[in-house]
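Colleague: Could you pick one part of this model and take me through it closely? I'd like to know how a chain relates to its copies and how it meets a neighbour.

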Amino acid sequence: MIVLEGELFLRNFWRDRLFPKEALSLDIARNLFETVKNLPIISPHGHTEAKWFAENIPFQNATDLFITPDHYVYRMLFSHGIDLDDLGIGRRAETRKSVEPRKVWKLFSKHYYLFRGTPTKLWLDYMFENLFGISETLCEKNADLFYDSISDALEKPEFRPRELYERFKIEVLCTTETPLDDLSDHRKIIRSDWNARIISAYRPDNVIDPDHESFSKNVQLLGELTGENTDSFEGYLAAHFSRRKFFKSLGTTSTDHGHPSANTFKLSKGKVEAIFQKALLGNLSRDEAEMFRGHMLIEMAMMSLEDGLVMQLHSGSYRDHSPSIKQNFGRDKGFDIPKQLDYVHALKPLLDAVGLDKRLTLILFTLDEATLSRELAPLAGVYPSVKIGPPWWFFDSVEGMLRFRRSTTETAGFYNTAGFNDDTRAFCSIPARHDVARRIDCAYLSDLIVSGQISEEEGYSIAMDLSYHIVKRTYKL
Amino acid sequence: MIVLEGELFLRNFWRDRLFPKEALSLDIARNLFETVKNLPIISPHGHTEAKWFAENIPFQNATDLFITPDHYVYRMLFSHGIDLDDLGIGRRAETRKSVEPRKVWKLFSKHYYLFRGTPTKLWLDYMFENLFGISETLCEKNADLFYDSISDALEKPEFRPRELYERFKIEVLCTTETPLDDLSDHRKIIRSDWNARIISAYRPDNVIDPDHESFSKNVQLLGELTGENTDSFEGYLAAHFSRRKFFKSLGTTSTDHGHPSANTFKLSKGKVEAIFQKALLGNLSRDEAEMFRGHMLIEMAMMSLEDGLVMQLHSGSYRDHSPSIKQNFGRDKGFDIPKQLDYVHALKPLLDAVGLDKRLTLILFTLDEATLSRELAPLAGVYPSVKIGPPWWFFDSVEGMLRFRRSTTETAGFYNTAGFNDDTRAFCSIPARHDVARRIDCAYLSDLIVSGQISEEEGYSIAMDLSYHIVKRTYKL
Amino acid sequence: MIVLEGELFLRNFWRDRLFPKEALSLDIARNLFETVKNLPIISPHGHTEAKWFAENIPFQNATDLFITPDHYVYRMLFSHGIDLDDLGIGRRAETRKSVEPRKVWKLFSKHYYLFRGTPTKLWLDYMFENLFGISETLCEKNADLFYDSISDALEKPEFRPRELYERFKIEVLCTTETPLDDLSDHRKIIRSDWNARIISAYRPDNVIDPDHESFSKNVQLLGELTGENTDSFEGYLAAHFSRRKFFKSLGTTSTDHGHPSANTFKLSKGKVEAIFQKALLGNLSRDEAEMFRGHMLIEMAMMSLEDGLVMQLHSGSYRDHSPSIKQNFGRDKGFDIPKQLDYVHALKPLLDAVGLDKRLTLILFTLDEATLSRELAPLAGVYPSVKIGPPWWFFDSVEGMLRFRRSTTETAGFYNTAGFNDDTRAFCSIPARHDVARRIDCAYLSDLIVSGQISEEEGYSIAMDLSYHIVKRTYKL
């Protein structure tokens, strides 16, 4: 029977995507997936905009939905010689306006084959099929068909942000805002009669990183927002604490820190005050800026002991690697390249200070996979505060997730990981991304079951924990 | 038939654990394993205590057997907020006494799910079933049942250390002692009428590492033990040589070196004498201490040319990462974290001096898996002295072993690896660990056979070599 | 039916080597391979000698064909204590003559088991079977049989270099020469009535690396060859450009650079002239030599913008790790060990200068696999100039290729990779190496198909692209 079933069903590879091939393993993976595929989505970290849900204005067209906001997409096209200008990417408003969205879509469709084997295509194909009912493979010939079908759909009421949020069965959606944000969109949602949980994460990079071009202006604004005197370091800390309190009052449960490295430093009071004063004047050396950022991670961790906010650290990206692109097109245009990282020495000052404190939850993300088995799993496997964040960015992918589980589980177990993050600004891709994550976890668990490492009963329990419970617990949602 | 067999047997996953799933590969893996599963165990490196076998006193209870001595176990519990004090771990005797072993066992049982997917659980489940006949999964409900069954069994004569040693079919068991040890337990075993081969490895870290808190006292003791004048570097070397000779006279075939890095240095006579004198006074800088350790690795290698002792190098662990844990609970409490390592430059002075000498066997262990394919396999694949030690510590695991074979075999072959080490202080886990290693090797070989890379005949020959012959040859046992 | 076919055919593992085991995946891999296995071979980078084809003189015997020129082979034998002298390896002519080739062959045969699980054995077994019709496993007993069969065959006309070239269905074969080479053999082939495309790659290391023992002599020769005044940096650059033009006139489409690191530097005119003058006098510090090499990479890239030559960078090998071997046996005797590498910072000056220019093609090779997913795939996935070179050297292997695809595809796609390189001096191994590469790609694609990540149609298209089109396009062949 197994074989017959195999003959009948296996050619429908898409239905069983990412599952193992051998009949019995496939069977178990399918069964595991049945129990988690319809669980609500918890999205504890990402970059969607609260404004979409506050205003519930329809998305525009296929290009605005899938290409313009997605650096995964346009970086690949750029790598094959397609100019950003021709894709409508750029900070210069006149450039953007001059490109017809349909023309961009056609250019993209013609080059869609470049994405073969990438998660981007996996997500897009999922959306084309599940959201817009198109199951062909996008190419130059059917570009118009896709464009029109998508544009037509987007005009329908059921494709507005709030309606999609509900269709996607999202239970919580976290956005990410700076301390300078007034969270007016979040407040609008709370005040509305729409019953959804859309909360922010406190991401203070632009008031913590002295290398940020508006650092001192931002620190001043932070003072104005909070009524604290941010001319002194003490006042600056008080302003942070006050602002965290404000975020928390609107549902926030976490902070997020995007640092170039994971370095932390414990500076003396006098030292940090002196560096802070120099930072306000824009006078810091490279080392001093690094020390200030590193010291602030410890300050943030110490505030977390008090207010309970879960702390996320995303480090190790060389941002805006090409100065020419940064100058002409702005930040975050796909030129962020991972670099080698060390956590063992870098985090020691922070862990020495607060790493054993059970009140702290510190979620570590990495772009250097060599650190997974060597550093992150051993650290998370002993420090009560440390959890390993899910595969991030380039590694939010089939192989990235498999390597992640294979590199961390044996040392840290499942229960020192933090649950899946979609970490996306592409709202419609959220179900596709959770689908991949849940499938991969089921495939991995099926593997452990069939190889006798865990029982089937344990497998079902873990699948549920990975898809739902762990992320809620870790992020205090 | 293959399918029928599949249907009948495959659900018994535990029996075929760690084997491939596809019918034919599974079949071959099973057949390979049949030929090696009952081979005697060679344990060439580990941390059991000779005293257990010299005195043959029964083990106490489940907690003393499985939890208290095993940092794999209590570090995981600690990472989930369970205090070491509540586990009876600690150097303060009063703490340890105050905790009831059964209470610790219950705490452990309640949290046993944390170990899902870890080798610790794989080993424990094996012991529960094979040693104590319990095949349920441990949990809070059956905690007492487990505790009582194990305690009852431990009182029986067949559960005493010597009887277990025989039941486990151990052919050689190596312990690890410092040069200051008088090996009285080993001598007692030799003098007894019990016919077992329990030998020591010469591990001189505490008389070689100037950062060790009792370094100069230990050097003095070394002098007293050997009658050499260890006030001079020359006498200090002579004392080492003499002590190695003493170990060798009691069966020792290897030395072992646990250094923070793999750095080696060839210092001039004058330079090393000066550093040695400063070391005795406790005056070394960090760099000088590193140079002294690195120089001593070369001295040890040169002694190996003369006395033939096989040299093991375990480097790359950041020991006792948390100063607070070290201060309150002592060394080796699960806070050892791997760090990035380089062997190519670090070992060059040693390899330049003696690396081409066929009399030397230098077994390199790593905690940085990135070095396996990049450095260790290429080094072992050309230097006649260099062999790659088996997956160590966190990587003594299913995935760790698979990555090890996949990363080393193609460049260094099977015959430049050193054979499996259980490296454990948990005596009862030895058969479980060798079982995992043999199964993984058979699974890997089955893969090579079914993918046409080696013949079945070669597969059988390699399986035998990996389980038995290579380790005997490499360690000169 | 699938099962029956399985029972009948699967035991013939060699036929299906490197393919997946599960019936349906195997079936798809086979079908994919059918469409590419007979495609012509494009060999865009390697180290065969044009002279063989210019003169078409028969190869001598099994030892000269398989052992003496192949460091993969003799490094493994050396690692097991076999002296290079006994293998006829060495720069001292008298040594080489004194060893009887048949005796070397027997020594090799006796130790052939050491190569189990290595790509060397996979290639050799392929050659023994496909070229010489011997399908036994080589061992001590059949050593003479092998030796005689091979020697007999080599005397036949169909085993001469040109005839093998045609039998191998080679479409283009690239050799590698220094700028000082007069390419007389290439010209001889062009002038001959034999219709084959054997072209050179411009590899200027010995006139660019100031650490090369004949650097200043070579620079002078370069001047003489081109009529440029290479006493000045300007003249030196002009000489390079002139020489590139000469190579290009004989069909060359690429340059190749073997640097210790990937470091690049953009020096001022004055600075580089000063360093160049010191280099000619042999007076450079280590850092200055590194700066000069790094600056020259940018100069070479800038010339590529003009003449269109594709640029290959092979970096990260610690060459001639053992000084004793280098002194007694010369360079390149198997003692090249990979080392840790960084591309993100190292290449930044070059990429800042010319990385966005679509006229440049820069193919990056690595020996540090940790850089694949962390650095190379993200760089190639955005910079239009950057392509990822195929698995190099120790990683030109089954597992190396699988890791390569799994680490690069998801971020860079298939179309930012450069196609397979056999990179060999063992001419007869070329079909064996392309066979492995094509099989692994088909196995990988079958995996993507069966797991629903690409369609079967896409799989066939990619298989063709990977085996043929991509390499032609990337190398402009």
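Modeller: What follows is one chain, first its symmetry and then its contacts. This is a predicted model, in which local features need pLDDT of at least 70, side-chain atom pairs count only at pLDDT 80 or more, and totals for chains, interfaces and linings use all residues. Residues count from 1 along each chain as its sequence is written, chains are lettered from A and ligands numbered from 1 in the order written, and side-chain values use heavy atoms, without hydrogens or water.

Take chain C, then: turn it by 120 degrees, with a shift of 0.0 Å along the axis, and it lies on chain A with an RMSD of 0.0 Å (a least-squares fit on C-alpha atoms of residues with pLDDT of at least 70 in both copies). So the two copies are related as by a three-fold rotation axis. If you want to find that axis from chain C, go to C:E22, whose C-alpha comes closest to it of the residues in that chain, at 3.4 Å.

Now for the neighbour. Chain C puts 49 residues into its contact with chain B, and chain B puts in 51, where contact means heavy atoms within 4.5 Å. Together they bury about 4300 Å², 57% of it from carbon and sulfur atoms; that is the accessible area (1.4 Å probe) lost when the two parts are put together, summed over both. On the chain C side, the residues losing the most area to chain B are C:F13, C:K21 and C:R116, which together make up 17% of what that side buries.

Don't expect matching patches, though: only 6% of the interface residues of chain C are also interface residues in chain A, so the copies meet through different surfaces.
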